[in-house]
Amino acid sequence: MDLLNTLVDKGLRRELPTREEALAVLATSDDDLLDVVAAAGKVRRQWFGRRVKLNYLVNLKSGLCPEDCNYCSQRLGSTTGILKYTWLKPDEASQAAAAGLAGGAKRVCLVASGRGPTDRDVDRVSKTIKAIKDQNEGVEVCACLGLLSDGQAERLREAGADAYNHNLNTSESTYADITTTHTYADRVDTVNKAHAAGLSACSGLIAGMGESDEDLVDVVYSLRELDPDSVPVNFLIPVEGTPLAKEWNLTPQRCLRILAMVRFVCPDVEVRIAGGREVHLRTMQPLALNLANSIFLGDYLTTEGQAGKADLEMIADAGFEVEGTDQVTLPEHRATAGGGCGSHDGAGCGSHESAGCGSHEGGGVCGTAAPAAPVREPRTDPVTEPRTDLVAVRRRGAGTDLAPNA
């Protein structure tokens, strides 16, 4: 297929595909799916070999959130029955992290619900970061605390944080349909604050919220412009009690096409399969490792995931290996220069210092004229049967007396 040959060539050169090419990946048929996976797999192996990075979530504060994000079980007025608790103490959080690290995780992601941290919250998290790093040599720590105020990213960096996560989630044009208590621009600002403080930026999306193909391409191109080192791809977990509980419109095949599109647009970036892989990829999870080079181990923030032991077996059986703490995740050109295509040190595709591919000033993509505003047609994919049996509220690990899943 000429399209796939073109995308592989561009991926190996770190060249941005056109929007039309990205949309064409999402429009491929199930008959062509294995060819799509094989093509994107070549790009993945070029930059990441057969390594899989393991990440482990610790929910520092669950529920009790004033924001109204429609996808989230911790949102204001949630009736989901999730665990609700205030801040874990540093030793409690470190103990929770230890289970994931013992299971092979390289990065611990410290997450807290809420609009954003107060300065006192930053102090709390700083103590937690120190506790985890003092007890675990070589561990990476990523904080995810919501919208950051001036100076907070720098304080987290000084405390030892390696990265900061703040997802864009969906396209700018549809963001207000998902959340009204903050804006898309607020999220972009926080990612830029993390960059400016010297933190490794982690920012991704949620697929399956009823968005169009154009929306998916929009948000991935916006992410490419922001140039995060890590792009988590979440698949909506439709939790009963949330406004999107009836959004069961993902199939394993569509999930694979989405991951392939992200890999082609972000060839040398850590692409992580995040929430919802068990629910929507199901038995196709091993195939997705050919597209993404990173996954979460064990449970998620408020829902349960696949058993950690099963994750490790899946990786080994699929012919991949767990990335060690002594291995550098990113390709050398990104790890040493702080970027890559779209590095922060100079101009180029997606850089912050110039217009360029997908920038707000230029509005275009590398090597193409600015495209006309897309017509957002309703999704036509067949709706998959709801698999509510695969959605379980987390009742173990952080915030409980039960052992975590890792």
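This tour moves through a predicted model, one selection at a time.

Begin with the whole protein chain, coloured by secondary structure, where 14 helices and ten strands can be picked out. Of its 406 residues, 59% count as buried, and among the contacts in the chain with a separation of 6 or more, 76% are accounted for by residues 24 or more positions apart.

Next, select strand 2, residues 107-112, and within that strand pick out C109. This cysteine has a relative accessibility of 4%, which is under the 20% cut-off, and C109 therefore counts as buried. Once the neighbours within four places in sequence are set aside, the residues in contact with C109 are N55, Y56, L57, V58, C142 and F296. Add V141 to the selection as well: 32 residues separate V141 from C109 in sequence, while their C-alpha atoms are 6.0 Å apart in space.

From there, turn to a pair of helices by selecting residues 119-135, which form helix 5, and residues 152-159, which form helix 6. The two pack with their axes 9 Å apart and at an angle of about 20°, so helix 5 runs roughly parallel to helix 6. The crossing of helix 5 past helix 6 is right-handed. To see the residues that meet, show the side chains of D119, V122, D123, V125, S126 and I129 in helix 5, together with Q152, R155, L156 and A159 in helix 6.

Now select Y175 and Y184, which make up the one aromatic pair that the structure holds. Their ring centres are 6.0 Å apart and their planes meet at 70°, which is over the 60 degrees required, so the pair counts as edge-to-face. Both tyrosines, Y175 and Y184, are buried.

Two arginines placed over aromatic rings come next. Select R19 with Y221, and R19 will be found over the face of the Y221 ring, at 5.9 Å from the ring centre. Then select R50 with F320, where R50 lies over the face of the phenylalanine ring at 4.2 Å from its centre.

Keep R50 and F320 displayed for the last stop, since both are among the contacts of N290. Where along the chain does N290 have its place? N290 belongs to the loop that connects helix 12 (285-288) with strand 9 (294-296). With a relative accessible area of 16%, N290 is buried. Beyond the neighbours within four places in sequence, N290 is in contact with V37, A40, G41, R44 and R45, as well as with R50 and F320.

Definitions and conventions:
Residues are numbered from 1 along each chain as its sequence is written. This is a predicted model: local features need pLDDT of at least 70, side-chain atom pairs count only at pLDDT 80 or more; totals for chains, interfaces and linings use all residues. Side-chain values use heavy atoms; hydrogens and water are left out. Rings of Phe, Tyr and Trp (its six-membered ring) pair if their centres lie within 6.5 Å; planes under 30 degrees apart count as stacked, over 60 as edge-to-face and the rest as tilted. Buried means under 20% relative accessible area, exposed over 50%, partly exposed in between (1.4 Å probe, protein chains only). A charge sits over a ring if NZ of Lys or CZ of Arg is within 6 Å of the ring centre and within 35 degrees of the ring normal. Helices (H or I, at least four residues) and strands (E, at least two) are DSSP runs, numbered from the N terminus. Contact means heavy atoms within 4.5 Å. Axes are lines fitted to C-alpha atoms, for helices over the stretch in contact, and angles run from 0 to 180 degrees between N-to-C directions. Angles under 35 degrees count as roughly parallel, over 145 as roughly antiparallel, 65 to 115 as roughly perpendicular and the rest as oblique. A crossing is left-handed if the near helix is turned anticlockwise from the far one by less than a right angle, and right-handed if clockwise.
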